[in-house]
Amino acid sequence: MATAVWLPPLLFILFWWIFSAGSSFDLPIGVVDLDHTSLSRTLTRQCDASSVLAIDRQFATVAEGQRALTGGEIYGLLVIPANLANDTVKGLAPQPTVFYNGQFILIGKQINGAMQQVVGTLSAQVGGLQALARGTAPPAVVGQVAPVRGQITALFNRHTNYAEFLVSGGLPAIWQILIVCLTVLALAAEKRHGGLEQWAGRQPVRALLVKLAPYTLLLWLQGLLFLVGMYGWLGWPMHGSWTVLILAQLLTVLACQAMGSLFFLLGRDEVRGLSLAAAYAAPGFAFMCVTFPATDMGWPALVWRSLLPVTHYIEIQIHQANYGGSSLDLWPSFAALLLFAVPASVAVSLLRRFSREVAA
Amino acid sequence: MSWWQVCRAEFKAIFAEHAIVLTVLGGVFFYSFLYPLPYLKQVPREQSVLVVNHDGGALSRQLERMVEATPQVRISGHAQTEAEARHRFLEDGGIAGLLVIPAGFERDIRLGRSPVLAYAGDASYFLVYGTVIEGLATAAGTLGAEVKVARLLAEGQALPLAARRHTAFSVNMRPVFNTTMGYVHYVIPAVFILILHQTMLIGLGLLGGGQGEKDHNGVRGYWQTVPAGVLLTARLAVFGAIYLVLTMYYTGWSFAHYGISRLASSAELLAVVVPFLLAVGSLGVVIGQLIPRRELATLLVLLSSLPLVFSAGFVWPVASLPRPIFWAAQLAPSTPGIMACLKLNQMGAEFSQIRGLWLQLWLQAAVYGGLAWWLLRRRLVVK
């Protein structure tokens, strides 16, 4: 029980700490400048000025740069062709190439976005100057350079901060693992101390409830703790109802406790119970869809996903924190959490049968 | 007992314990199918987008057709106003983005006034957001380029020149190693190494912890009589052999099954896997000696999984990790193990480029091996 008090907050803080840098990265990028003009140097400088990229090294040849990319020393390689400035003046639209590490997708996407932006801005500046030189009147230059402009809005997460995605999904995933495991360990403690026979005795259901209720309260409070940490202390936007969220957390704790009890009572063995808990809860994060969307999952993945309480919880959390919509839209998620009454009743009937066998 | 007899006794002890068999064989096999499950489609496609078209002209309809033609997004409906779009966004669910085409869009383009399209994506789901914005921006960029080309043609330029002149210069973005940016290729090669790492630690922890419990209860066994060095080498050999087969199953059959690239030669891969398994094995023996009850091995390993994944360097850039976390992660064999395997097998690095990681694995094997030997010997002396 003492472990249950300090371990979860410690893990929550550790997990947040990993991502505490937010999204200003300075990812190391290499440059092969075959042009050596003021334009190519401007391009290099503007890459370095981006908050995401840092020009780490210059290479004389593409082969040297590729080797550094393959060895993981740099995440991207900007190759500026020999006549960038010349071809730009002639209107031949030359293309610098950026090779970036697609194996590390999250990092690669950052490089892609930042590079497009840097090159887009610089190209528009150069194009604007050319249009002016051709004699286009200044107000019309913008229309010449960019006939259509786009204004991008990130709905519901103004910062589009990777840390927020990963932390707000990762904390509930760790929380689910903790609840399931601590439930197994709490029941195992009864087996170790007085023996299950004596504990379950005549009133098995009452014994189970008395045993687990303090954990319910504690783990529920710890759930509240990470919510307060994210939406209070860190000040991430939260537009919905705290009541709805807190209620969802209570149901999630109960659902996970039902699964934990079931895992232990299947064999009344703490080692096997924890192995099952591990197999069940460890890949939870992958199924929560904070990274890969559920709309692109096949049915076997969706079935497994629906068996994890935390996937229903995260829908409610995202819905409340980001959209702040009406809680009526959430009834399927709440209903799914209530369905964990089924494993709970299986666990109770296993315990009842065991206590009858003991009595007989 | 001879060394071979100890090996045989260890082998029997492993297979006599259901929890170890369940974790080691069951876990590795089960996860080889469960873990790739969410990512089988590799990249998100055809995200639903609502369109608010205030213009309604031919050019705006052409833009809509271009949006529909991108693989990233599809138009799932139209709304009359932004307010209605917002309402449907919250009520209907399943909508990932909005495209607002302003009134006078076509006129402004013809007049060279550069109208502003508004794209919005649901940023609650980061991959969805990126996909929607990419799709909408591609469509708008294509339309913009066509308009420019048409304008240059009208000015009397030849088509080939006009087709190239629409921009001063552009950038050619080329992902390498995982050229399709597929999620299976991204997650699985790294996570599978971690699964081997974690299940091996649990298996060894259960075995060592279980024997500790038996010592405590006064049960007699072979592990109490053989010298620490013999017990350690036998245990590493038996677990190493089992895990060599399991590693071959993952990096061979599983990778081939999911179409994951295997660029390293068998010899290079083996050169990394051997110190990796020795380091993990020794760490597992250490954990087995330190835990008071065997089930704590499972708990410890399980709770370390997510922090280990995210500090291994393939998701979050290592340079952005807080320094204490970075150094703590270097203690786990999974950190150099995952990086060495990714670089050799997925990125095609030469062996000389991962020598640092390889040495780190050997160093871990030596330090944890020494520690394991000392702990085993200390227990024998206490007996």
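Helices, counted from four residues upward, and strands, counted from two, are taken here as DSSP runs numbered from the N terminus. By that count, chain A of this predicted model holds 16 helices and five strands.

**Overall form of chain A**

The C-alpha trace of chain A spans about 100 × 45 × 40 Å along its principal axes. Its radius of gyration is 28 Å, whereas a compact globule of 360 residues would have a value near 21 Å. Of the 360 residues of chain A, 58% count as buried. Among contacts in chain A between residues at least 6 apart in sequence, 74% join residues at least 24 apart.

Both chains are assigned two domains, with bounds and centre separations, taken over C-alpha atoms, as follows.

| Chain | Domain 1 | Domain 2 | Separation of centres |
|---|---|---|---|
| Chain A | residues 25-145 | residues 158-359 | 48 Å |
| Chain B | residues 3-39 + 182-382 | residues 47-165 | 50 Å |

**A sheet built from both chains**

Five strands form an open sheet of mixed pairing, in the order 2(A)-1(A)-3(A)-4(A)-5(B), so that strands of chain A are joined by one from chain B. Strand 2 (53-59) of chain A and strand 5 (172-176) of chain B each have a single partner strand, so one side of each is left without a neighbour in the sheet. On average, and with direction ignored, neighbouring strands of this sheet are turned by 25° against each other.

Strand 1 (residues 27-33) of chain A runs parallel to strand 2 of chain A and is joined to that strand by six bridges; within this pairing, A:V32 has A:F59 as its bridge partner.

Two helices of chain A lie across these strands. Helix 2 (residues 38-49) crosses strand 1, strand 2 and strand 3 (76-80) of chain A, and runs at about 135° to strand 2 of chain A. Helix 3 (residues 62-70) lies across strand 1, strand 2, strand 3 and strand 4 (97-101) of chain A together with strand 5 of chain B, running at about 165° to strand 3 of chain A.

**Nonpolar cores**

The largest nonpolar core has 243 residues, and those with the most contacts inside it include A:F19, A:I111, B:L99 and B:F310. Helix 7 (residues 162-193) of chain A gives the most to this core, with 20 residues. Apart from its neighbours within four places in sequence, B:F310 is in contact with residues of both chains, among them A:F15, A:I18, A:F19, A:L166 and A:F285, as well as B:V315, B:W316 and B:L321. A second, separate core of 10 residues includes A:L155, B:L50, B:F89 and B:V100.

How values were computed
Residues are numbered from 1 along each chain as its sequence is written. Chains are lettered from A and ligands numbered from 1 in the order in which they are written. This is a predicted model: local features need pLDDT of at least 70, side-chain atom pairs count only at pLDDT 80 or more; totals for chains, interfaces and linings use all residues. Side-chain values use heavy atoms; hydrogens and water are left out. Two strands pair if DSSP finds at least two bridges between them. Axes are lines fitted to C-alpha atoms, for helices over the stretch in contact, and angles run from 0 to 180 degrees between N-to-C directions. Contact means heavy atoms within 4.5 Å. A nonpolar core is a set of buried Ala, Val, Leu, Ile, Met, Phe, Trp, Tyr and Cys residues joined through side-chain atoms within 4.5 Å. Buried means under 20% relative accessible area, exposed over 50%, partly exposed in between (1.4 Å probe, protein chains only). Domain bounds come from an automatic or database domain assignment. The radius of gyration is taken over C-alpha atoms; the globule rule is 2.2 Å times the number of residues to the power 0.38.
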